Amino acid sequence: MRDMQTAEAGFQARIDEGVKIEPKDAMPDAYRQTLVRQISQHAHSEIVGQLPEGNWIGRAPTLQRKAILLAKVQDEAGHGLYLYGAAETLGVSREALIEDLLAGKAKYSSIFNYPTLTWADIGAIGWLVDGAAIMNQIPLCRCSYGPYARAMVRICKEESFHQRQGFDLLLALARGSAAQRAMAQDALNRWWWPSLMMFGPPDEQSPHTAQSAAWKIKLVTNDGLRQKFVDQTVPQAEFLGLQVPDPALRWNEARGHYDFGPIAWEEFYQVIRGNGPCNRDRMNARRRAHADGAWVREAAQAHAAKQRARPGAAA
Ligand code: BYC
């Protein structure tokens, strides 16, 4: 018992000094489990996150927009793969993580349980959802676990392109006809509050924040990031000429931040319990895609096995 306490104190001291933890280093089991939980949820979010946008690839209004959207959705698949790779360095298998997702045991981001009803929603996802994702992920580039922090560097670069393409799409609509402006406004109305929920529950209701902050997995709290996101995004909405759907939103000179209205946390908890508008559709689509891809996985494994069995192949 005393040995364990000494080991944990030693581990915490390394974290406090800013040392990066690497896969072969000793680490408390709870640290490992927290990372597996967070990184795998993050990976699942990237994979499920392809569905709402993928829904519009065949309906993009121009060839250029279609090429951009296709590239963005492919990037999200790549992010999922880097993140599953980062989780595997903690001793879990990708297959087991994916099984947990398909069995409905693992979470993915609440935001992907909302529908994409119009083309403007693609702009709103890029601008708001990727914007919120970057806000959360920039600090993760400095988190204590080396493979996660390094995966985040590339992901953040790509998310930054995603955010800009979303803003550019909405700018085109905002400068277009009255009907296009109305479509952009309607998308902002529907995506604003779910985007604020992406940062997770308020700090005082967040069971994991205190420990994750001590381990430098979380460098900024849920509420801290949410406030930064509001402060950054409101002037962008003004530039677009769109109205943020919050009558309580106002600049607070004394705080140097925007004040904003109450978030409907009951909706958030319903969504993460599986009762959002699209939870069932998303999981059914994922399960179907996984089953349809079985032959590709088998072929890839058979090819790898054949390569390994070649005379002269490295043992
Ligand atoms: N949705 O104590 P808390 C993207 C859960 S995708 C669902 O604050 P934590 C993109 C939380 O898991 C963006 N569940 O937890 C892709 C916990 O439940 P469990 C994904 C949520 O972990 C495609 C419980 O609520 N980004 O970039 O300290 C296209 C209590 O919460 C949510 C990441 O995953 C939610 N929104 O903090 C476009 C970033 N929020 O596990 C974009 C990495 C909370 O005890 N993750 N919960 O059952 C994180 O930074 C943290 O995990 C969170 C939550 C801030 C999300």
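This is a short tour of the ligand site and one aromatic pair in a predicted model.

Local features here need pLDDT of at least 70, side-chain atom pairs count only at pLDDT 80 or more, and totals for chains, interfaces and linings use all residues. Residues are numbered from 1 along each chain as its sequence is written, and side-chain values use heavy atoms, with hydrogens and water left out.

Start by selecting the ligand and the residues around it, meaning those with a heavy atom within 4 Å of it. There are 34 of them, and Lys107, Ser206, His208, Lys218 and Asn222 come nearest. Sorted by type, the shell has 12 nonpolar, 13 polar and nine charged residues (Ala, Val, Leu, Ile, Met, Phe, Trp, Tyr, Cys and Pro are nonpolar; Asp, Glu, Lys and Arg charged; the others, Gly among them, polar).

Now pick out some N or O pairs within 3.5 Å, the cut-off for a polar contact. On Lys107, a polar side-chain atom sits 2.5 Å from a ligand oxygen. Click Met198 next: one of its polar backbone atoms is 3.1 Å from a ligand nitrogen. At Pro207, a backbone N or O atom lies 3.3 Å from a ligand oxygen.

Colour the helices (DSSP runs of H or I, at least four residues). α2 (29–48) is among the elements giving two or more residues to the shell, and α2 gives the most, with six.

Last stop: select Trp127 and Phe167. Their ring centres are 6.1 Å apart and their planes at 65 degrees, so the pair is edge-to-face (centres within 6.5 Å, planes over 60 degrees apart, using the six-membered ring of Trp). Trp127 is in helix α6 and Phe167 in helix α7, 40 residues apart.

Conventions: Polar contact = N/O pair within 3.5 Å; in protein donor to acceptor, adjacent residues only side chain to side chain. Phe/Tyr/Trp six-rings, centres within 6.5 Å; stacked < 30°, edge-to-face > 60°.
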